[in-house]
Amino acid sequence: MANTYTAIATVTVGSGGASTIEFTSIPATYTDLNVLASTRSTGDQASVNYCQLRLELNGNTSNYSDRLLYGIGGLGAGSLSYTNAYVTWAGASTDSTATASTFSNVSIYIPNYASSNNKSISSDGVTESNATNSILTLDAGLWANTSAITSLKFTLEIGNFAQYSTATLYGIKKN
Amino acid sequence: MPTKLIVDCSTGVTTEVELTAEEVAQREADAVAFAEIKAAEEAAAQAKADAKASAQAKLAALGLTPDEIAALN
């Protein structure tokens, strides 16, 4: 892999679980950020086997908006939009009712994270389960804030991150 | 008490910290707020679908064929 793609930090959840995963003091020395995450929730989202993976930037809880496309094995496809939300979609996570030891796979991309413009966030994720209701999500998000991004905080719609959930933050330089 | 994992990217050090009571309360409030947003968005989408179905039914009652109604979309 090109040396312009650098793993900044990796975290793996231990046996006690964790309610949030945070990357702090992110250096401004890269052009873009990419997070690859594999997660599972300890919670049970009613009637499905997945839940929302959420992202909060710089500890800020305002001015997020999203356009989400999704496909669910047994339930069809659709879209959702959110405005004035307090977090952005970062994909989906398996929940505690998904097949044992299955996790989601999510890629979150944030271009020009240190710029003085509003920030765009895109994510591409899928959950895994030996059942009909796994979900695939494609999300385009906007954080209407001109501050450089220095921290990322991931949370789940329900429950805590289960043991072995993991996330790696990559920094990408244009040259 | 739930914990949070914090990775300091300047040092690479990961620490596990218990949530404060305020953070737990905020988390619960956030969950309620998101559920409200989600419900409102879904209700709006359902209302739009219902209105479309109602309009199509009225057009059919006026004698338009399904093809003619589809041509209006």
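# A two-chain model in questions and answers

User: Is Ala46(A) buried or exposed?

Analyst: Let's start with the count of neighbours: Ala46(A) has 8 other C-beta atoms within 10 Å. By the rule used here, a residue with 20 or more other C-beta atoms within 10 Å of its own is buried, one with 12 or fewer is exposed, and anything in between is partly exposed, with C-beta atoms placed from the backbone. Ala46(A), with its count of 8, is therefore exposed.

User: What kind of model is this?

Analyst: Residues are numbered from 1 along each chain as its sequence is written, while chains are lettered from A and ligands numbered from 1 in the order in which they are written. Local features need pLDDT of at least 70, side-chain atom pairs count only at pLDDT 80 or more, and totals for chains, interfaces and linings use all residues, as this model is predicted.

User: Where is the place of Ala46(A) in chain A?

Analyst: Helices (H or I, at least four residues) and strands (E, at least two) are DSSP runs numbered from the N terminus. Asp95(A) is 49 residues away from Ala46(A) along the chain, with 9.8 Å between their C-alpha atoms. As for the place of Ala46(A), look in the loop between β3 (32–38) and β4 (50–57) of chain A.

User: Which residues have the most contacts inside the largest nonpolar core?

Analyst: A nonpolar core is a set of buried Ala, Val, Leu, Ile, Met, Phe, Trp, Tyr and Cys residues joined through C-beta atoms within 7 Å. The largest one has 45 residues, and β4(A) gives the most to it, with five. The residues with the most contacts inside this core are Leu55(A) and Phe154(A).

User: With which residues is Leu55(A) in contact, leaving aside its neighbours within four places in sequence?

Analyst: Contact here asks for C-beta atoms, placed from the backbone, within 7 Å of each other. With neighbours within four places left out, the contacts of Leu55(A) are Val87(A), Thr88(A), Ala90(A), Ile108(A), Ile121(A), Leu152(A) and Phe154(A).

User: Which are the edge strands of the open sheet of eight strands?

Analyst: Two strands pair if DSSP finds at least two bridges between them. The order in this antiparallel sheet of chain A is β1-β12-β3-β8-β9-β10-β5-β6. Pairing on one side only, the edge strands are β1 (5–12) and β6 of chain A.

User: Which residues form the covered face of β12 (166–172) of chain A?

Analyst: Seven antiparallel bridges join β12(A) to β1(A), and seven more, also antiparallel, link β12(A) to β3(A). Ala9(A) stands opposite Leu169(A), while Ala37(A) has Ala167(A) as its bridge partner. The uncovered face holds Thr166(A), Thr168(A), Tyr170(A) and Ile172(A), and the covered one Ala167(A), Leu169(A) and Gly171(A).

User: Through how many residues does the hairpin join β5(A) to β6(A)?

Analyst: β5 (64–72) and β6 (76–85) of chain A pair in the antiparallel sense over eight bridges. One of the bridge pairs is Ile72(A) with Gly76(A). The number of residues in the hairpin connection is three.

User: Which strands stand at the edges of the sheet that has six strands?

Analyst: This mixed open sheet runs β7(A)-β4(A)-β11(A)-β2(A)-β1(B)-β2(B). Across the two chains, β2 (20–24) of chain A and β1(B) pair in the parallel sense over five bridges, with Thr24(A) bridged to Asp8(B); within chain B, six bridges join the antiparallel β1(B) and β2(B). Each edge strand has a single partner, so one side is left without a neighbour in the sheet: these are β7 (88–94) of chain A and β2 (13–18) of chain B.

User: Which element gives the largest share of the side of chain B that touches chain A?

Analyst: The contact takes 22 residues from chain A and 17 from chain B. Elements giving two or more residues to the chain B side are β1 (3–8) and α1 (21–61) of chain B. The largest share is six residues, and it comes from β1(B).

User: What radius of gyration does chain B have?

Analyst: The elements of chain B run β-β-α-α from the N terminus on, and the C-alpha trace spans about 70 × 25 × 15 Å along its principal axes. Buried residues make up 5% of its 73 residues. The radius of gyration is taken over C-alpha atoms, and the globule rule is 2.2 Å times the number of residues to the power 0.38. A compact globule of 73 residues would be near 11 Å, but chain B has 25 Å.

Technical notes. Two residues are in contact if their C-beta atoms, placed from the backbone, lie within 7 Å.
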